[in-house]
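Student: Could you take me through one part of this structure slowly? I'd like to see how a sheet is put together and what packs around it.

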Amino acid sequence: MASYLDGVPFSGIIRIRDMMYSVANPYRLDQGDVSFDAPDTVKTAMARAIAENRSHYLQTNGVPRLRDLIAAKLRARNGIPIADSEDVLVTNGGIHGLYITCMAIVEPGDEVLIPDPEWPPTAGNILAARGVPVGYRLDESTGWRPDFADLESKITPKTRVLYVNSPNNPTGGVLTRHDIERLAAIARDRHLWVISDEAYEDVVFEGEQISIASLPGLYDRTIPFYTFSKSYAMTGLRLGYVAIGDARIRERAKKILFYTASNVSSVVQFGGIGALEGPQDCIGEFRTELRARRDLFYAGVREHASAVFSGAPPAGAFYAFLKINPRWHAASTGSSDGSLSWRMVEYLIKNGRIGCVPGVDFGPGGEGYVRFCFARERAELAGALGSMKELFGRMSMAGAGN
């Protein structure tokens, strides 16, 4: 029996979703889902595919035209020296890309260095591949960038992979070029593989998104993975991709791709072709609106909940990762038992109808924080902020200032 799967935890997001279904008229700031609609080019391409009966089996690695477009995009926008579209594997969303990657390169007992805090499926997929996730600390004081002394102290003879995520989920931290170069040097010197999670590549407000695979010689040891979900508002359509230059590792990943999906939905792949062939204006438009929503949300938090939450606006992604004033706990519940993150989340859901995710769900370094998604409609954000005003405005917070 596959008893090792008993040690692979579900993300707390699943528990929160169940809680949210029992809430009338909720504010769904828990889900990392944009409120935008997919571009017309995507919808038109999918409708055409249905009309043309594109409903049959396809190549396991993906439609050739889509893979050609992805390879061209990776060269032009990400600077990755992909010689051939054969490197590209089309996946059922970003999480599937991570799964096939972990299954292809992680051996039982291998240690994988991951940021802390970090998107929960990262550790889950490593555990599913029978690897060992090892967290390296992100430093809030430097914009949620790595504490390199902590990172290097975690490297052991069993370390095989370095996981990089910029912009980061949940913190919104964006790595600098110096950070990327330093991570690349560590990977080279320690002979590590690199998995580069670039799901939020197009959601950068300050700084720049740099693919580590674009640095000299790094693509040979790096597997970057991407998704159409954030850039083209295609979260429910489930379309992603990975690029693997190493033929042996790519063949392993292709096997996992075949045995888990056979091929990704034909109609969705044609939608991806529409996304890449069409105008790219939506990417900048989405980012501009997300910046406005970020600023709106943080202004509301400062006005209505500054005694409870603190934190600087993120440089990238679309999450507010806010620190909870530990004195709130005593002021609101009279107790300090258990996880502060979970107590805050349960309080906000039950009393304010505000969906959010406990920071501790993203790793030990996230305890004492809570994540809100500000990619929702402005009216929904305003409603959540109004609910915070009612909750925290009437609460006695004597002595609970930041």
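Tutor: Let's walk along one sheet and then look at the helices beside it.

First, some housekeeping: this is a predicted model, so local features need pLDDT of at least 70, side-chain atom pairs count only at pLDDT 80 or more, and totals for chains, interfaces and linings use all residues. Residues are numbered from 1 along each chain as its sequence is written, and side-chain values use heavy atoms, with hydrogens and water left out.

Now the sheet. Eight strands form an open sheet in the order β1-β8-β7-β6-β5-β2-β3-β4, and the pairing is mixed. Strands here are DSSP runs of E with at least two residues, helices are runs of H or I with at least four, and both are numbered from the N terminus. Two strands pair if DSSP finds at least two bridges between them. β1 (88-91) and β4 (145-146) are at the edges with a single partner strand each, so one side of each has no neighbour in the sheet.

Start at the β4 end. Strand β3 (residues 132-139) is joined to β4 by two bridges, and the two run antiparallel. If you want a spot to click on, find aspartate 139, which stands opposite arginine 145 in β4.

Next, move to strand β5 (residues 159-165). Three bridges join strand β2 (residues 111-116) to β5, and this pair runs parallel. Here glutamate 111 stands opposite threonine 159 in β5. β5 also pairs with β6 in the parallel sense, over five bridges. For that pair, look at asparagine 165, whose bridge partner in β6 is aspartate 197. β5 is mostly covered, with six of its seven residues buried. Buried means under 20% relative accessible area, exposed means over 50%, and partly exposed is in between, using a 1.4 Å probe and protein chains only.

What about the helices? α8 packs on this sheet and touches β1, β6 (193-197) and β7 (222-227), and its direction makes about 20° with that of β1. Contact means heavy atoms within 4.5 Å. Axes are lines fitted to C-alpha atoms, for helices over the stretch in contact, and angles run from 0 to 180 degrees between N-to-C directions.

α8 has a helix partner too. Two packed helices are described by the angle between their axes and the distance between the axes. Helix α4 (residues 94-105) and helix α8 (residues 247-261) pack at about 130°, with axes 8 Å apart. That makes α4 oblique to α8. Angles under 35 degrees count as roughly parallel, over 145 as roughly antiparallel, 65 to 115 as roughly perpendicular, and the rest as oblique.

Who is touching whom? On the α4 side you'll find residues including His96, Tyr99 and Met103, and they meet a group in α8 that includes Ile249, Arg252 and Leu257. The residues of this contact divide into ten nonpolar, two polar and one charged. For those classes, Ala, Val, Leu, Ile, Met, Phe, Trp, Tyr, Cys and Pro count as nonpolar, Asp, Glu, Lys and Arg as charged, and the others, Gly among them, as polar.

α4 also packs with helix α5 (residues 120-128): their axes come within 9 Å and cross at roughly 35°. Among the residues making this contact are Leu98 and Cys102 of α4, along with Pro121 and Ile126 of α5. By class, the contact of α4 with α5 has eight nonpolar, two polar and no charged residues.
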